[in-house]
Amino acid sequence: METQLELDQSPSFFPFIFATIGLVWYVVLWSIGLLGCRTGRRRYRMRPRSPLATAPPGSIPGVSILRPLKGLDANLYENLESTFAQEYPNFEIILSVADEQDQALPIARDLISKYPNISARIIIGEEVVGVNPKVNNLIRSYREAIHDILWVIDSGVSIAPGTLARSVDLLESPTHTRPPKRRVALIHHVPCVSAPEGFLGSRIEEAFLNTNHAKMYLAINTVSIESCVVGKSNLYRRSDLERVNGSLKPRAHTESNDDQDCTHGLAAFGKFLAEDNMIASALWHELDLRHDLSCDVAHNAIGKMSLSDYVWRRVRWIRVRKHMTLAATIMEPFTENLMASSIAAASLRYLFGIPIWLFLVVHHAAWLWVDLDVYESLAGHPLPADRRWWFFTAWCLRELLALPIWFLAMLGNEVIWRGKKYEVLRAGEVKGTSGGGNHRRLFTRWRQLDSHYQPLPSSHSDSDT
């Protein structure tokens with residue numbers, strides 16, 4: 001007994017345990033990454049044409065496509081035109097703006113004139129149901145839409161012509177399978193980002209969303225143990241959304257007189273900044289329904305995003321997530337490349353005497369190869385040769401910035417979105433606060449650095465979701 005106690009308290013016992021745990025975590029992290037890489041290869045490298053594309057209009061469900069507009073996003077004309085070009089015989093398009101002076105209105109009107117055979121209209125004027133400007137912009141379109149199936153697409157997104165047909169295929173997929181599956185309530189599309197104007201922040205955002213973010217996003221949605229949805233392009237039924245209130249409590253527990261007084265439908269999510277994630281979570285938890293990923297991507301061309309814009313964008317969403325899923329947010333640094341590789345290098349050096357430098361060289365080469373493979377799966381082509389140096393530079397900067405950004409995000413609760421300041425509350429709710437973004441002055445030098453990478457002026461507006 002004494003010998004065992006001495007062993008447990010010896011200096012080498014706890015380092016051995018920590019090294020073993022670190023190595024196990026590294027293996028788990030690689031397993032998740034490889035699962036995301038494999039999913040990307042299988043799901044996005046071949047996109048079949050749906051039979052719904054050529055079906056008679058009366059034989060398939062109709063879809064209302066809702067596109068909230070705010071200013072001149074990069075490639076706005078092409079983004080909106082991709083909606084008119086959908087290979088689906090039964091849909092309408094509703095373009096909405098908050099006010100008559102919005103710069104997107106002339107483009108919307110031009111496209112409606114160009115495609116007279118497409119059922120499309122514009123709704124001008126928001127209805128304030130909460131602090132989220134996107135929800136306020138959408139609420140009238142949501143209520144006036146003809147069809148039950150709604151496809152909400154950000155103005156910064158373009159989609160392939162067959163996307164709608166393939167998405168409806170998945171949404172209408174049968175549930176009488178063995179073993180039985182929960183009904184699909186939401187179809188979402190993984191973002192695939194490009195930075196055509198070449199701003200530094202845009203390139204880093206591209207490197208992040210097309211590699212590490214996509215890899216984890218695909219893996220989490222493959223195992224489907226929890227809701228994980230980005231709202232750039234989501235398809236769901238209004239009849240389902242009208243049954244949820246954002247409480248995330250199973251409907252059986254909320255069917256009471258108190259629940260009858262709660263706001264349901266899209267208006268219930270106006271109090272959240274990340275309304276897309278909350279809508280998906282509500283369908284998942286309140287109705288016990290599931291989501292599915294289409295084999296299409298949401299193409300997102302990023303315009304003028306400086307380095308400081310990138311930093312504060314990432315800060316914003318980490319601060320929102322920490323109030324929604326605190327445990328997962330605390331674990332985020334340990335999923336990052338530099339942190340995970342450092343832990344694994346120390347563990348392997350202690351357990352097996354493997355030189356740290358040798359391991360790190362092999363690790364980073366393998367990690368980059370997997371990230372590039374995910375990029376190729378989403379984009380449909382390898383990284384162009386003339387962009388490889390830029391991509392590698394942006395990829396390295398993203399890895400170096402990940403931990404400082406996380407610490408900065410964890411130290412505060414205020415965020416700035418579309419020029420307005422909010423305080424993030426419990427469960428991701430927000431309230432407006434006075435003031436302007438004085439904290440952004442910390443990054444004025446970064447803006448000066450960005451000027452070296454800005455080839456053209458841009459009228460890009462921040463249409464994050």
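Trp-395 counts as buried, because its relative accessibility is 6%, under the 20% cut-off for that class. This residue belongs to helix H16, which covers residues 388-410. The model discussed in this report is predicted.

**A buried tryptophan and its surroundings**

Which residues does Trp-395 contact once its neighbours within four places in sequence are left aside? The partners are Ala-207, Thr-211, Asn-337, His-364, Trp-367, Leu-368 and Asp-371. One of these partners, Ala-207, lies 188 residues away from Trp-395 along the chain, yet the C-alpha atoms of the two residues are separated by 5.3 Å. Contacts between residues distant in sequence also mark the chain in general: among contacts with a separation of 6 or more, 80% join residues 24 or more positions apart.

**The chain as a whole**

The protein chain has 465 residues, of which 51% count as buried. Its secondary structure consists of 17 helices and 11 strands.

**Helix H2**

Helix H2 runs over residues 13-44 and contains 32 residues. From its first C-alpha to its last, H2 reaches 47 Å, close to the 46 Å expected at 1.5 Å a residue. The buried residues of H2 include Ala-19, Gly-22, Leu-23, Tyr-26, Leu-29, Trp-30 and Gly-33. Several of these names are separated by three or four places, and a general property of helices is relevant here. An α-helix has 3.6 residues a turn, so residues three or four places apart point the same way.

Against which elements do the buried residues of H2 pack? They pack against two strands, S6 (184-194) and S8 (290-301), and against the helices H7 (200-223), H14 (337-352) and H15 (356-379).

**Pairs of helices**

The packing of H2 with H15 may be considered in more detail. Their axes are 8 Å apart and the packing angle is about 25 degrees. H2 is therefore roughly parallel to H15, since angles under 35 degrees fall in that class. The crossing of H2 past H15 is left-handed. On the side of H2, the contact is made by Tyr-26, Leu-29, Trp-30, Gly-33, Leu-34, Cys-37, Gly-40, Arg-41 and Tyr-44. On the side of H15, the contributing residues are Phe-359, His-363, Ala-366, Trp-367, Val-370, Asp-373, Val-374, Ser-377 and Leu-378.

H15 also meets H14. The axes of H14 and H15 come within 10 Å and cross at roughly 145 degrees, and the crossing is right-handed. From H14, the residues involved are Asn-337, Leu-338, Ser-341, Ala-344, Ala-345, Leu-348 and Arg-349. From H15, they are Ile-356, Phe-359, Leu-360, His-363, His-364 and Trp-367.

A further pair is formed by H7 and H12, the latter covering residues 307-322. The axes of H7 and H12 come within 6 Å and cross at roughly 40 degrees, and the two helices are therefore oblique to each other. Here Leu-200, Gly-201, Ile-204, Glu-205 and Phe-208 of H7 are in contact with Leu-307, Tyr-310, Arg-313 and Arg-314 of H12.

The table gives the residue classes of these contacts.

| Helix pair | Nonpolar | Polar | Charged |
|---|---|---|---|
| H2 with H15 | 12 residues | 4 residues | 2 residues |
| H14 with H15 | 8 residues | 4 residues | 1 residue |
| H7 with H12 | 5 residues | 1 residue | 3 residues |

**Thr-163 in helix H6**

Is Thr-163 buried or exposed? Thr-163 counts as buried, because its relative accessibility is 0%. This residue lies in helix H6, which spans residues 163-171. When residues up to four places away in sequence are not counted, Thr-163 touches Gln-86, Trp-151, His-189 and Asp-296.

**Two residues with positive phi**

Most residues other than glycine have a negative phi. Against this background, two loop residues deserve mention. Asn-75 is not a glycine, yet its phi is positive, at about 60 degrees. Asn-75 is located in the loop between strand S1 (63-68) and helix H3 (76-84). Because its relative accessibility is 39%, Asn-75 counts as partly exposed.

Ser-224, a residue other than glycine, likewise has a positive phi, near 55 degrees. The loop that holds Ser-224 lies between H7 and strand S7 (233-237). With a relative accessible area of 34%, Ser-224 is partly exposed.

Technical notes: Residues numbered from 1 in each chain as written. Predicted model: local features only at pLDDT ≥ 70, side-chain atom pairs only at ≥ 80, totals over all residues. Heavy atoms only, no water. Helix = DSSP H or I, 4+ residues; strand = E, 2+ residues; numbered from the N terminus. Expected span 1.5 Å × (residues − 1). Buried < 20%, exposed > 50% of the residue type's maximum accessible area, 1.4 Å probe, protein only. Contact = heavy atoms within 4.5 Å. Axes fitted to C-alpha atoms, helices over the stretch in contact; angles between N-to-C directions. Parallel < 35°, antiparallel > 145°, perpendicular 65-115°, else oblique. Left-handed = near helix turned anticlockwise from the far one by under 90°. Nonpolar A, V, L, I, M, F, W, Y, C, P; charged D, E, K, R; others polar.
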